[in-house]
Amino acid sequence: MSSTAPTALQYAAAPTAPSSVRSAGSPDSPGFWRAPFAASTYREIGYTVASLPIAIVGFTFAVTMFALGMGLFVTVLGLPVLAAALAGARGFGAAERGRARSQLGIEVAGPAAVKRPQDAGAWAGMRARLVDGAGWRALLFQVVMFPSRVVSFVLSVTFLVTGWVVALLPAYSWVFPRYLDWPGYRVFDYTSGAERHEFYLESPVQIAGASLVGLVIVFLTPKLVRALTNIDRAAVRSMLG
């Protein structure tokens with residue numbers, strides 16, 4: 001037997017390459033047809049929903065503390081207020097990294113701790129806080145992400161609810177003529193001048209067509225939510241790391 005031929009022991013020792021490699025912290029990417037039912041989609045939707053009250057608190061904290069600190073800057077009281085704002089912003093940043101890790105599937109290392117000066121004293125520590133770049137970025141994060149998170153909340157909830165409500169119309173369309181005395185689902189019904197304008201989804205073709213539109217929205221919603229949460233992923237990576 002040739003000495004260059006690989007032995008069974010060499011084959012056993014050779015490492016086996018994994019069929020797919022996903023870097024730690026990368027978000028799940030369910031297929032198009034599975035996405036509306038995937039747990040990762042609803043984690044992202046939960047993220048956008050929870051982001052609204054968190055954004056309100058963070059934005060209010062950042063703007064109030066910064067304005068108060070700058071307003072008191074002419075006195076000695078402005079410095080500790082700004083230092084407290086930056087310390088609090090770091091705390092918000094840590095919480096945001098935790099949310100991004102658990103709900104968006106990304107791992108972002110926290111910034112280095114504030115360098116304490118060699119000389120002791122409260123004023124020295126305060127000066128270190130005031131030149132903390134990570135603290136200022138975390139404070140700015142709360143401001144610049146506020147409008148984005150309002151939009152994300154509105155679009156996520158609107159598309160999620162509208163898509164499923166319209167897609168499931170055939171399952172409950174019988175309710176309207178039986179209990180509401182409508183011929184079908186009322187799209188609009190109003191009177192302008194002396195003329196009445198109304199439109200109801202009542203025929204099987206109309207109901208099926210509306211359901212098809214709802215299904216399109218259902219399957220597009222995960223793509224929309226992923227695009228919206230990608231804004232947060234980029235902001236967390238660039239401003240809170």
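A crossing of two helices is left-handed when the near helix is turned anticlockwise from the far one by less than a right angle. Keep that in mind as you move through this predicted model.

**Stop 1: H5 and H8**

Select helix H5, residues 133-167, together with helix H8, residues 204-239. Look along the line of sight that puts one in front of the other: H5 and H8 make a left-handed crossing. Their axes come within 8 Å and cross at roughly 170°. Angles over 145 degrees count as roughly antiparallel, so that term fits H5 and H8. Now colour the contact by residue class, and you should find 22 nonpolar, nine polar and three charged residues where H5 meets H8.

**Stop 2: along H8**

Stay with H8 and put a distance label between its end C-alpha atoms, which are 52 Å apart. That agrees with the span of 52 Å that 36 residues should give at 1.5 Å a residue. Where does H8 bend? Centre on Leu220, where the bend is about 35°. Pro222, a proline, follows within four residues.

**Stop 3: H3 against H5**

Next, show helix H3, residues 78-104, and bring H5 back. The axes of H3 and H5 lie 8 Å apart, and the packing angle is about 60°. H3 and H5 are therefore oblique to each other. The crossing of H3 with H5 is left-handed. To see the contact, turn on side chains: on H3 the residues include Ala85, Leu86, Phe92 and Arg99, and on H5 they include Trp136, Leu139, Phe141 and Arg149. Sorted by class, this contact of H3 with H5 has nine nonpolar, two polar and four charged residues.

**Stop 4: H2 beside H3**

Keep H3 on screen and add helix H2, residues 39-71. Here the axes cross at roughly 170° and come within 9 Å. H2 is therefore roughly antiparallel to H3. The contact of H2 with H3 has 17 nonpolar, eight polar and four charged residues.

**Stop 5: along H2**

Hide H3 and follow H2 from end to end. Its 33 residues reach 47 Å from first C-alpha to last, close to the 48 Å expected at 1.5 Å a residue. Pause at Ser51, where H2 bends by about 35°. Within four residues comes a proline, Pro53.

**Stop 6: Leu52**

For the last selection, pick Leu52, which lies in H2. Which residues does Leu52 touch, leaving out those up to four places away in sequence? Val150 and Phe153 are the ones to display. Then draw a line from the C-alpha of Leu52 to that of Ser152: the separation is 8.4 Å, although the two residues are 100 residues apart along the chain.

Terms used: Residues are numbered from 1 along each chain as its sequence is written. This is a predicted model: local features need pLDDT of at least 70, side-chain atom pairs count only at pLDDT 80 or more; totals for chains, interfaces and linings use all residues. Side-chain values use heavy atoms; hydrogens and water are left out. Axes are lines fitted to C-alpha atoms, for helices over the stretch in contact, and angles run from 0 to 180 degrees between N-to-C directions. Helices (H or I, at least four residues) and strands (E, at least two) are DSSP runs, numbered from the N terminus. Angles under 35 degrees count as roughly parallel, over 145 as roughly antiparallel, 65 to 115 as roughly perpendicular and the rest as oblique. Contact means heavy atoms within 4.5 Å. Ala, Val, Leu, Ile, Met, Phe, Trp, Tyr, Cys and Pro count as nonpolar, Asp, Glu, Lys and Arg as charged, and the others, Gly among them, as polar. The expected span of a helix is 1.5 Å times one less than its number of residues. The bend at a residue is the angle between axes fitted to the seven residues ending there and the seven starting there.
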